[in-house]
Every structure is written in C-alpha cells, then in structure tokens.
Amino acid sequence: MSAAPASPATASAGVAESVMQRALEWQVTFWSGEVTPRERAAFDRWLALDAEHARAWNQVRRTGQRVQSLTGPVEGEALRAADAARRPSARRTLLRAVGLFTAAGVAAYTARNAPPVQSMLAEHRTRRGERRDLLLPDGTRLVLDTDSAIDLRFTAQARDVLLRAGEVFIATAPDPRSAGGLASRPFSVHTRHGAVQAIGTRFAVRLSDERSMVSVDEGAVRVQPLLASADPVRLEAGQRAWFSETAVESPTASIPGDPAWTRGLLVAERMRLRDFLAELGRYRSGVLRCDPAVRDLVVSGVYPLDDTDLALSTLAHALPVRIDSVTRYWVTVRARAG
C-alpha cells in the first residue's frame, strides 16, 4: 500500500510525521471500500502497537471526514473499478493520487485548525499583558489571562468553552434553562488534551504545549483526557492536577481563592528564579532571559503583573541580581557584581 508523503502540516503536536503518513495511508485504504481481512488485521496490530498511532489515527479520522465528504464516493468507485479490472498497479496509482489529494485536504484543514491559527481566529482573545472579564449568556463569570483565547459553543445540549491558548478562570452559574423545567446543560472547558466538566464550581484551566492544568477553588470538576477510556477523574476544592491526552496526573494542593493573576498579582512561594521569570515573561513583550548562574535562586513574594518593570526592579532589591536591559524588549537577569 502506498501513498504520497504527508505534508509536515499534517503532523499534530507530539506525533511524528512518519506516523501521520502511515495513518493517512490507512485512511485512503479504508476509503477504497475494498479492505481485505489481512489489511484489517494489519491495521488493528498497527493501531494497538503504540499510543502515538492512536493519536495520529484519531486526528486523520476527524479531519478525513471533512475531506471525504467531497471526495469519498468518486475515490471508492474508481478504486473498485481498478480492482474489478484486476489491475493492481492501477489501484496503487489511484491510491497515490488519492493520497496526494487527501494529504493536501488534510494539511489545509489541519493548518486551519492548528493552535496558533485557532488562537488568532478565536471569538474572544487577549493580548500579551492584558486580562479581560466576560459575562457569558448563562450568567457565568469568566476571566481571560494574558495572551489567551477561547471560543464559546452554547447549544441546546451543552455549554462549552474551547480554550485555544493561555488560561481562563471560571465561576459557573446555574443553567437558566433549568428554571423553566428543562434539563440543566453541563458546563465544560475543552482543551486539546481533554475536557473539564464543572460541578457547581469556581476553577481555572491552563493550556500548555504538552498538557493542561486545572485548579479547583470551589465545588468540584471531572477531568476526562481526550484519548483515555477510563472514567473521568474527580477533583475537589483545593486540588489541582495536570492532564495529558491519555492520563490525569496525581492531584496536588492548590492555593485557595481566585488565582492571583485575576487580581493582577504574581505570588511566588519558593519559586526558582528561572521559573519566576518564565511566568513573569508571559505578561510582557520581548525577551526576558535568565543567566544560568542565577537561575536556581529562590524567589518568594508578591509581584505586580500590570507593571513588570516594577516587578523586576523589586526582584533586584530582593535577590543578589541585576537587571541588564539592551532595550525594554531585551532584558537579562544576571548575578550582581560583588
């Protein structure tokens, strides 16, 4: 079985391009409508071999459904005609042609749905250093952190927030439809790693490249990783946990009350300097570097997020460091001389 190489754009985060190409080949084979028992068995073995295969197949299947709506019937008829004529080489040629077209379609659709593009096109977004309060149609209060983006999907069945980038804090309100005798719609926050369903709660969800984090202030939530078959993991007030597409990590204690960033503060409790600067850097434009010689110094205290220059100045008085600025947009924290 052969198909044209997949475009690099088809590879999702954490999935090798070669794996995406193989998943694409399987999609084209199934579209042909002539899958032999041997091919089916080979596919099942490939799918079970590695979790990365399952992630690739899940993405190709989702995006392929969009492409198939335009191309599926024609491809299937052509491939079956080639088989009926007993021309294996023709089938391989058609598979390659279909693979090229499908790869282009999947690449275009995936590029459109890549996280940076989704963030840019999101319904609600904030710039670097900006925070925004939103009141949702159901009365839920939502706060967007710096450089964050969300889409809202409120339907007759569910109230969904799609977190495209950054972090969001949510204080849920009862579904107004329940006052009219209708069933209450669940409220959930979705990231590319899974879903967090609220149970009458105040909570925050943060999205990073490889995983997402949820922190519960009041009530409880259920966390369901995207590719996990086990039941959702319940987190109670005062707990937080990171989760990937496949698992929820062990919960740890969270700081009670709304996240400090919603009040414009960065609270450091024995943070390494490099971690502190990485967090502060999310709220200012340009480059904020940490010299390796001081990266493991310990930072504690409360720092303003709305004036990061003041935060750096305060840091220089609290630790044996100096702030070197080429411009305001290129800053390095180094060891203080003497």
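**Exercise 1. Find how β14 and β17 run relative to each other, parallel or antiparallel, and how many bridges join them.**

Solution. Start with the strands themselves in this predicted model: β14 covers residues 287-290, and β17 covers residues 330-335. Next, look at the direction: the two strands run parallel, and four bridges join them. For a landmark, go to V287, which stands opposite W330 in β17.

**Exercise 2. Work out the strand order of the open sheet that holds β14, and say which strands stand at the edges.**

Solution. Step one is the order: this open sheet of three strands reads β14-β17-β16, and its pairing is mixed. Step two is the edges: β14 and β16 (321-327) have a single partner strand each, so one side of each has no neighbour in the sheet. Step three is the twist, which averages 20 degrees from one strand to the next.

**Exercise 3. Identify which strands α6 and α7 touch or lie across, and give an angle for each helix.**

Solution. Take helix α6 (residues 273-281) to begin with: α6 packs on the sheet and touches β14, β16 and β17. The direction of α6 makes about 175 degrees with that of β14. Now turn to helix α7 (residues 308-318), which lies across β14, β16 and β17. Relative to β16, helix α7 runs at about 145 degrees.

**Exercise 4. Trace the pairing from β9 through β11 to β12, naming a pair of facing residues at each step.**

Solution. Begin at strand β9 (residues 212-225), which is joined by four bridges to β11 (residues 239-243) in an antiparallel arrangement. Here M213 has W242 of β11 as its bridge partner. Then move on from β11 to β12 (residues 252-253): this pairing is antiparallel too, over two bridges. In this second pairing, Q239 stands opposite A253 of β12.

**Exercise 5. Locate D147 and R270, and decide what is notable about their phi angles.**

Solution. First recall the background: most residues other than glycine have a negative phi. Now check D147, whose phi is positive, about 50 degrees, although D147 is not a glycine. D147 sits in the loop between β3 (141-144) and β4 (149-154). R270 also has a positive phi without being a glycine, with a value near 55 degrees. R270 belongs to strand β13 (residues 265-272). Finally, compare each relative accessible area with the cut-offs: D147 has 39%, between 20% and 50%, so D147 is partly exposed. R270 has 66%, over the 50% limit, so R270 is exposed.

**Exercise 6. Describe the surroundings of G301: its strand, its accessibility and its contacts.**

Solution. G301 is placed in strand β15 (residues 298-304). Its relative accessible area is 27%, so G301 is partly exposed. Setting aside neighbours within four places in sequence, G301 is in contact with L266, V267 and A268. As a further check on distance, G301 and L315 are 14 residues apart in sequence, with their C-alpha atoms 9.2 Å apart.

**Exercise 7. Step back and summarise the protein chain by its elements, burial, contacts and surface.**

Solution. Count the elements: the chain has seven helices and 17 strands. For burial, 43% of the 338 residues count as buried. For contacts, take those with a separation of 6 or more: 52% of them link residues 24 or more positions apart. For the surface, the accessible total is about 17,200 Å², and 53% of this belongs to carbon and sulfur atoms.

Note on methods. Residues numbered from 1 in each chain as written. Predicted model: local features only at pLDDT ≥ 70, side-chain atom pairs only at ≥ 80, totals over all residues. Heavy atoms only, no water. Buried < 20%, exposed > 50% of the residue type's maximum accessible area, 1.4 Å probe, protein only. Contact = heavy atoms within 4.5 Å. Areas by Shrake-Rupley, 256 points an atom, 1.4 Å probe, with all protein chains shown as cover. Pairing = 2+ DSSP bridges. Axes fitted to C-alpha atoms, helices over the stretch in contact; angles between N-to-C directions.
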